[in-house]
Amino acid sequence: MVIFYKPKTKTVTQKAFEVECVDLDLQGRGVAKKDNKTWFIYNLIPGEKACVVPVAVKDKTGEAKVTKYIYKSDNRAKSQCPFEESCGGCPLAYVKEDDLLAYKVKGLYQLLKKSGVALNETPSFVVNSNVLNYRRACRLAIRIDHGKVTVGFREGKSQKLVSLTTCKVLSARINEAIPKVIDLLNKLQGKRNLGHLEFIDSDGALGIFLRVTENLSDEDLELIGSFGEENSYVISVGIPYKHEIDSSEQVKEILLTDNEDALFINASDCKIICKPTAFVQVNKEVNKKLIKLVLDAVKPHHGMKVLDLFCGLGNFTLPLAKEGAEVLGIDIVASMIKDAQKNAELNDLHNAKFAVADLEDDFEKQQWAKVKYDAVVLDPGRMGAKRAALFVSKLKIPKIVMISCNPLAASRDIRELIKSGYKITAWGALDMFPRTSHIELMTVFSL
């Protein structure tokens, strides 16, 4: 037998060092300078001093965590929640809301400027948000502890569950429903097969989606349906199954109540009926202002042709059509596009049409992509609109409105548009998720 020598792994203990925070970055991390490096540290705000230890180190930058505070600023936000230090839902609750928004807006400007984008330092608009009871939609994890169901958010950067029956950022109606739902789940025979729970507090009924890992019994399904009917909730269950062609894991959403039309979102003066699993903008009040900003930027009117890429259920498509424009909404999910078209008909908007396309794949040969448009609205996911931005720039559409939930991806797409001759005529930020590092960027371009 040959025995190969294996050197012992050395454990390197990182030494703590003292820093003073001088700024916050776009992600809400404290910024400090030490030994020719820039350090980024969560839970540290400008003016504070602390002992920290490195977590990750690069050539000129590093991440560190606080081990001991030497001086805490009086400018810290007062705690409003007993779960603040553990729950991952509000990771930046220790920063005062106005201060955090100002730092996020400043971070947006610095990011775009660093990317070579020329724009006014002062944004055209900044939309703030209530920090309490602003969420009309959420997903809660489920855990079984000693045979009892508990629900909650995950801890920050962890899979551990912070158990809760109420949350200060969720809407009053969701908070009222959580204890009732927990009580229901504890009555189910198949409670060990529960996956996660979703709520949507629509402008109509409250929607609830229950994801399960195995099929529930008929008795359990009947119990859930009766619960929904008694409380006037719209409830669906996500049942797993294997695709008949490629055997991939799929989820089938089964509605257990008869009041699906009671679940809807108002987008300007348009009514959008949706399912409990539908993607909607989480912050109802900020979304109202976002739609108005888009309408003000596009200035839709009769005879105008508008393209709405990554349209979802028609959050912008339908209000634009309501103002008289001919609007085509494009998205990848066929079932969602089908629902969007139904909603156009429900609102008697025959000038709103929808089509299915993967905007990250070869879509340019489709007929709709060969039409001339007067304006385009883009609201992509976190990956941005790389291919769509290139497509739009080649079409030389006179006006572009782009909304982005990921500033890094947005900076890449903005550079492409500017290379093609576009200029930024307005830009601004919307605080869709206060107390987090998330910030929504909206930019308006013209040739």
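Arg435 counts as buried, at 8% relative accessibility (buried means under 20% relative accessible area, exposed over 50%, partly exposed in between, with a 1.4 Å probe and protein chains only). This is a predicted model, in which local features need pLDDT of at least 70 and side-chain atom pairs count only at pLDDT 80 or more, while totals for chains, interfaces and linings use all residues. Residues are numbered from 1 along each chain as its sequence is written, and side-chain values use heavy atoms, with hydrogens and water left out.

**Exercise 1. Two backbone angles**

Find where Arg435 and Lys396 sit, and look up the phi angle of Arg435 and of Lys396.

Solution.
- Step 1: Go to the loop between strand E22 (423–430) and strand E23 (440–446), where you will find Arg435. Helices (H or I, at least four residues) and strands (E, at least two) are DSSP runs, numbered from the N terminus.
- Step 2: Read the phi of Arg435, which is positive, about 70°, although the residue is not a glycine.
- Step 3: Move to the loop between H7 and strand E21 (399–404), which holds Lys396. Lys396 is not a glycine either, yet has a positive phi of about 55°.
- Step 4: Check accessibility: Lys396 is partly exposed at 41%, whereas Arg435 is buried at 8%.

**Exercise 2. Pairs of opposite charge**

Work out which parts of the chain are linked by the salt bridges of Arg139, Arg173 and Arg387.

Solution.
- Step 1: Recall the principle: side chains of opposite charge can pair when their charged atoms come close. A salt bridge here is a side-chain nitrogen of Lys or Arg within 4 Å of a carboxyl oxygen of Asp or Glu. The whole structure has 18 of them.
- Step 2: Take Arg139 and Glu198, whose closest N and O atoms are 3.2 Å apart. Arg139 is in strand E8 (residues 137–145) and Glu198 in strand E11 (residues 194–201), so the bridge ties together parts 59 residues apart in sequence. Arg139 is exposed, at 52% relative accessible area, while Glu198 is buried at 13%.
- Step 3: Turn to Arg173 and Asp201, which meet at 2.6 Å, N to O. This pair links helix H2 (residues 172–185), home of Arg173, with strand E11, home of Asp201, across 28 residues. Arg173 is partly exposed at 30%, and Asp201 is buried at 12%.
- Step 4: Finish with Arg387 and Glu364, 2.8 Å apart from N to O. Arg387 belongs to helix H7, and Glu364 to the loop between strand E19 (352–356) and strand E20 (375–378), 23 residues away. Arg387 is partly exposed at 29%, and Glu364 is partly exposed at 27%.
- Step 5: For a network, look at Asp25, Arg29 and Glu63, which are linked by salt bridges.

**Exercise 3. Two helix pairs**

Describe how H7 packs against H8 and how H2 packs against H3.

Solution.
- Step 1: Choose your descriptors: two packed helices are described by the angle between their axes and the distance between the axes. Axes are lines fitted to C-alpha atoms, for helices over the stretch in contact, and angles run from 0 to 180 degrees between N-to-C directions.
- Step 2: For H7 (residues 386–395) and H8 (residues 407–419), the axes come within 9 Å and cross at roughly 15°. H7 and H8 are therefore roughly parallel (angles under 35 degrees count as roughly parallel, over 145 as roughly antiparallel, 65 to 115 as roughly perpendicular and the rest as oblique).
- Step 3: List the contact (heavy atoms within 4.5 Å): Lys386, Ala389, Leu390 and Ser393 of H7 meet Arg412, Asp413, Glu416 and Leu417 of H8. These residues comprise three nonpolar, one polar and four charged (Ala, Val, Leu, Ile, Met, Phe, Trp, Tyr, Cys and Pro count as nonpolar, Asp, Glu, Lys and Arg as charged, and the others, Gly among them, as polar).
- Step 4: For H2 and H3 (residues 218–231), the angle is about 155° and the axes are 11 Å apart. H2 is therefore roughly antiparallel to H3.
- Step 5: Name the residues: Lys180, Val181 and Leu184 in H2 touch Leu223, Ile224, Phe227 and Asn231 in H3. This contact has five nonpolar residues, one polar and one charged.

**Exercise 4. A residue of H8**

Identify the contacts of Ile418, leaving aside its neighbours within four places in sequence.

Solution.
- Step 1: Locate Ile418 in helix H8, where it is partly exposed at 30% relative accessible area.
- Step 2: Its contacts are Val117 and Ile424, once neighbours within four places in sequence are left aside.
- Step 3: Compare sequence with space: Ile418 and Ala118 are 300 residues apart along the chain and 9.3 Å apart, C-alpha to C-alpha.
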